[in-house]
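Here are my notes on the model, as numbered points. Please read them with the structure open.

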Amino acid sequence: MQFKRNEIHELTIFLAIVQYRSFRKAADHLEVTASALSHSMKTLEQRLGVRLLNRTSRSVAPTAAGTALAEKISAGLELINSGLEDLNGHYQGGAGSIRINVLKDAAVLLLRPAIPVFQQRFPNVELEVAVDDQFIDVTADGFDAGIRYSGTIPEDMIAVPLTPPLKWVAVAAPDYLRSHGRPVMPEDLNSHHCIRIRTGRGQIYKWEFERGDDRREIDVPGA
């Protein structure tokens, strides 16, 4: 039998009545009226098809079936409370495990200096770091978090910035410039030997240049 939310609430009311042996005291504890509790109990007994409480003008006591049910409910609530206490203990004590998926750049620039500090502050947290430039779904693959470039984060993901905007620059070895000349405009790179990278999405990255409102993407040649 599967209980709905209001039915679980009725079981909680039933347990309170059994514990206090009084509709009035149970009502005061739950901050509702005694008549509301009485109505809930009648509904519960009718649905289950069994009398749970023996009522008199002066007292209320569980039947044999009610006593058995109350014991089961109490055991279930104790198990739930134990789970909540364990969870609260993990949270307050900083214990547990964390799995994060990060790009190679983030592993070097952000995590390498941060991990020793994190381990010192949270010695009971087991940290697992997967370094991968593939753009996987961090949630679907069982990770708690991921580090990505801001322009690659899906719109439905919750994200916070970890650094100010990063500035990329184009560089060349002095020997290369002496042999091949120095490019002046971004389009001059089309006659040079550049180093290209393939992104985690499998695409060849186009070098991006920006000066004010002038933005250009150059599909540079090279290995």
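Which residue in S4 is the bridge partner of Val-102? It is Val-131. The points below start from that pair of strands; the model is a predicted one.

1. The open sheet. Three strands make up an open sheet in the order S4-S3-S5, and the pairing is parallel. S4 (125-131) and S5 are the edge strands; each has a single partner strand, so one side of each has no neighbour in the sheet. Ignoring direction, neighbouring strands here are turned by 25° against each other on average.

2. The S3-S4 pairing. S3 covers residues 96-102 and pairs with S4 in the parallel sense over 7 bridges. The Val-102 to Val-131 partnership belongs to this part of the description. As background, strands of a sheet pair through backbone hydrogen bonds, either parallel or antiparallel.

3. The helix on the sheet. Helix H5 (residues 104-121) lies across S3, S4 and S5. Relative to S4, H5 runs at about 165°. That angle is over 145°, the cut-off for roughly antiparallel, so H5 and S4 can be called roughly antiparallel.

4. Asn-101. This residue lies in strand S3. Is Asn-101 buried or exposed? Its relative accessible area is 2%, and because buried means under 20%, Asn-101 counts as buried. Leaving aside neighbours within four places in sequence, Asn-101 is in contact with Ala-130, Asp-132, Ile-136, Val-138, Phe-143, Ala-145, Gly-146, Ile-147 and Arg-148.

5. A charge over a ring. Phe-143, one of the contacts of Asn-101, also has a charged group over its ring. The charged end of Arg-99 sits there, 4.2 Å from the ring centre.

6. Aromatic pairs. How many aromatic pairs does the structure hold? There are 3. Phe-118 and Phe-122 form a tilted pair, with 5.1 Å centre to centre and 40° between the planes. Phe-118 is partly exposed at a relative accessible area of 24%, and Phe-122 is partly exposed at 36%.

7. The Tyr-149 and Trp-168 pair. These ring centres are 5.9 Å apart and the planes stand at 70°, so the pair is edge-to-face. Tyr-149 and Trp-168 are both in the loop between strand S5 (145-147) and helix H6 (174-180), 19 residues apart, and the pair links distant parts of the chain. Tyr-149 counts as partly exposed at 29% relative accessibility. Trp-168 has 51%, and because exposed means over 50%, Trp-168 counts as exposed. Ring pairs also bring in Tyr-205, so that Tyr-149, Trp-168 and Tyr-205 are linked into a cluster.

8. The hairpin. Strand S6 (residues 207-211) and strand S7 (residues 214-218) run antiparallel and are joined by 5 bridges. Phe-209 stands opposite Arg-216 in S7. The hairpin has 2 residues between the strands, and Gly-212 takes a positive phi near 65°.

9. Helices H2 and H3. What is the crossing angle of helix H2 (residues 23-30) and helix H3 (residues 34-48)? The axes cross at roughly 105° and come within 8 Å. H2 is therefore roughly perpendicular to H3. On the H2 side, the contact is made by Phe-23, Arg-24, Ala-26, Ala-27 and Leu-30. On the H3 side, the residues are Ala-34, Leu-37, Ser-38 and Met-41.

10. Gly-76. Gly-76 is placed in helix H4 (residues 64-93). The relative accessibility of Gly-76 is 29%, and Gly-76 counts as partly exposed. Between the C-alpha atoms of Gly-76 and Pro-123 the separation is 33 Å, with their positions 47 residues apart along the chain.

11. Gly-181. Where does Gly-181 lie? Gly-181 is in the loop between H6 and S6, and is partly exposed with a relative accessible area of 30%. Not counting residues up to four places away in sequence, Gly-181 touches Tyr-176 and His-192. The C-alpha atoms of Gly-181 and His-192 are separated by 9.0 Å, and the two residues are 11 apart along the chain.

Technical notes
Residues are numbered from 1 along each chain as its sequence is written. This is a predicted model: local features need pLDDT of at least 70, side-chain atom pairs count only at pLDDT 80 or more; totals for chains, interfaces and linings use all residues. Side-chain values use heavy atoms; hydrogens and water are left out. Rings of Phe, Tyr and Trp (its six-membered ring) pair if their centres lie within 6.5 Å; planes under 30 degrees apart count as stacked, over 60 as edge-to-face and the rest as tilted. Buried means under 20% relative accessible area, exposed over 50%, partly exposed in between (1.4 Å probe, protein chains only). Helices (H or I, at least four residues) and strands (E, at least two) are DSSP runs, numbered from the N terminus. A charge sits over a ring if NZ of Lys or CZ of Arg is within 6 Å of the ring centre and within 35 degrees of the ring normal. Two strands pair if DSSP finds at least two bridges between them. Axes are lines fitted to C-alpha atoms, for helices over the stretch in contact, and angles run from 0 to 180 degrees between N-to-C directions. Contact means heavy atoms within 4.5 Å. Angles under 35 degrees count as roughly parallel, over 145 as roughly antiparallel, 65 to 115 as roughly perpendicular and the rest as oblique.
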